[in-house]
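Reader: I am in my first year and still learning how to read a protein structure. Could you take one part of this one and go through it with me slowly, showing how it connects to the rest?

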Amino acid sequence: QVQLVESGGGLVQAGGSLRLSCEVSGSINDVGAISWHRQAPGDQRDLVAVITARGVASAIDSVQGRFTISRENARNTVYLQMTSLKAEDTAVYYCAAADGPFPYVWNYWGQGTQVTVSS
C-alpha cells in the first residue's frame with residue numbers, strides 16, 4: 001500500500017519561500033505521476049502542479065514562475081519549492097499519486113500540510 005507524507009508547511013511572510021516535501025513509502029517507482037493540490041477554507045481542492053514518472057513538470061498559471069515541482073527518485077520524494085509567496089497561497093497543501101497513465105486518477109493522498117502566508 002502506497003502512503004504519502006507531506007512536510008515543510010508553516011507560517012511565512014508575503015514574499016518569502018517554503019519548500020514542501022512529499023515522501024512516498026515503499027518505492028516511488030510504484031506510482032506514476034505525483035501532484036500537489038491545495039485547499040483554502042471554504043474552497044474546493046485544486047490542482048497546483050504535476051510531475052510525471054519521467055520528470056515532466058507542469059503547474060497552473062497562477063503559480064508559474066513562483067512554484068517548482070521536482071522529483072528525487074533516490075529519496076522517494078517529490079518537492080514543491082514555493083517562492084514569492086502571496087496571501088492567496090494560504091491553504092492546506094496535499095500531495096497525491098496516480099498509479100496509471102494519463103488521464104490521471106489520484107488514488108493516493110497525503111494528510112496535508114498547512115501553509116499560511118501573512119500579508
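Author: What follows is a close look at one strand, β9, and at the salt bridges found around the loop that comes before it.

A word of care comes first: this is a predicted model, and the values below are computed from it. To place the strand, it helps to begin with the whole chain, whose secondary structure comes to 0 helices and 11 strands. Read from the N terminus, the elements therefore run as β after β, written β-β-β-β-β-β-β-β-β-β-β. The C-alpha atoms fill a box of roughly 40 × 25 × 25 Å along the principal axes. For a chain of 119 residues, a compact globule would have a radius of gyration near 14 Å, and the value of 13 Å for this chain agrees with that. Buried residues make up 43% of the 119 residues. Among the contacts with a separation of 6 or more, 54% are between residues 24 or more positions apart. The chain exposes about 6,300 Å², and carbon and sulfur atoms supply 47% of that area.

Now to the strand itself. How many of the 8 residues of β9 are buried? The count is 7 of the 8 in this strand, which covers residues 91-98, so β9 is largely enclosed by the rest of the structure. A residue is called buried here when its relative accessible area is under 20%.

Which strands does β9 pair with? One of them is β4, residues 34-39, which runs antiparallel to β9 and is joined to it by 6 bridges. Within that pairing, H37 has Y94 of β9 as its bridge partner. Another is β11, residues 113-118, which pairs with β9 in the antiparallel sense over 3 bridges, and here V92 is matched with Q114 in β11. Then there is β10, residues 106-109, also antiparallel to β9 and joined to it by 3 bridges; in this case A96 has W109 of β10 as its bridge partner. As background, strands of a sheet pair through backbone hydrogen bonds, either parallel or antiparallel.

Let us step back from β9 into the loop between β8 and β9, where D89 lies. With a relative accessibility of 1%, D89 counts as buried. The side chain of D89 forms a salt bridge with R38, the closest N and O atoms being 2.9 Å apart. Since R38 lies in strand β4 and D89 in the loop between β8 and β9, the pair ties together parts that are 51 residues apart in sequence. R38 counts as buried as well, at 14% relative accessibility. You may recall that β4 is a strand joined to β9 by bridges, and the salt bridge of R38 in β4 reaches the loop between β8 and β9.

D89 has a salt bridge with R66 too, at 2.7 Å from N to O. This pair also links distant parts of the chain, 23 residues apart, with R66 placed in the loop between β6 (57-59) and β7. Both D89 and R66 are buried.

The count of salt bridges comes to 3, and the one still to be described joins R75 to E72, whose closest N and O atoms are 3.1 Å apart. R75 is exposed, with a relative accessible area of 55%, whereas E72 counts as partly exposed at 31%. Salt bridges that share partners join R38, R66 and D89 into one network.

It remains to see what stands on the other side of that loop, where β8 belongs to an open sheet of 4 strands in the order β1-β3-β8-β7, with antiparallel pairing. The edge strands of this sheet are β1 (4-7) and β7 (67-72), each of which pairs on one side only. Neighbouring strands of the sheet are turned by 15° against each other on average, direction ignored. Between β7 and β8, residues 77-82, there are 6 bridges in the antiparallel sense, and S70 stands opposite Y79 in β8.

To draw the picture together, β9 is a strand with 7 of its 8 residues buried, it pairs with β4, β11 and β10, and the loop between β8 and β9 holds D89, which shares a salt-bridge network with R38 and R66.

Technical notes: Residues numbered from 1 in each chain as written. Predicted model: local features only at pLDDT ≥ 70, side-chain atom pairs only at ≥ 80, totals over all residues. Heavy atoms only, no water. Pairing = 2+ DSSP bridges. Helix = DSSP H or I, 4+ residues; strand = E, 2+ residues; numbered from the N terminus. Axes fitted to C-alpha atoms, helices over the stretch in contact; angles between N-to-C directions. Rg over C-alpha atoms; globule rule 2.2 N^0.38 Å. Buried < 20%, exposed > 50% of the residue type's maximum accessible area, 1.4 Å probe, protein only. Contact = heavy atoms within 4.5 Å. Areas by Shrake-Rupley, 256 points an atom, 1.4 Å probe, with all protein chains shown as cover. Salt bridge = Lys/Arg side-chain N within 4 Å of Asp/Glu carboxyl O.
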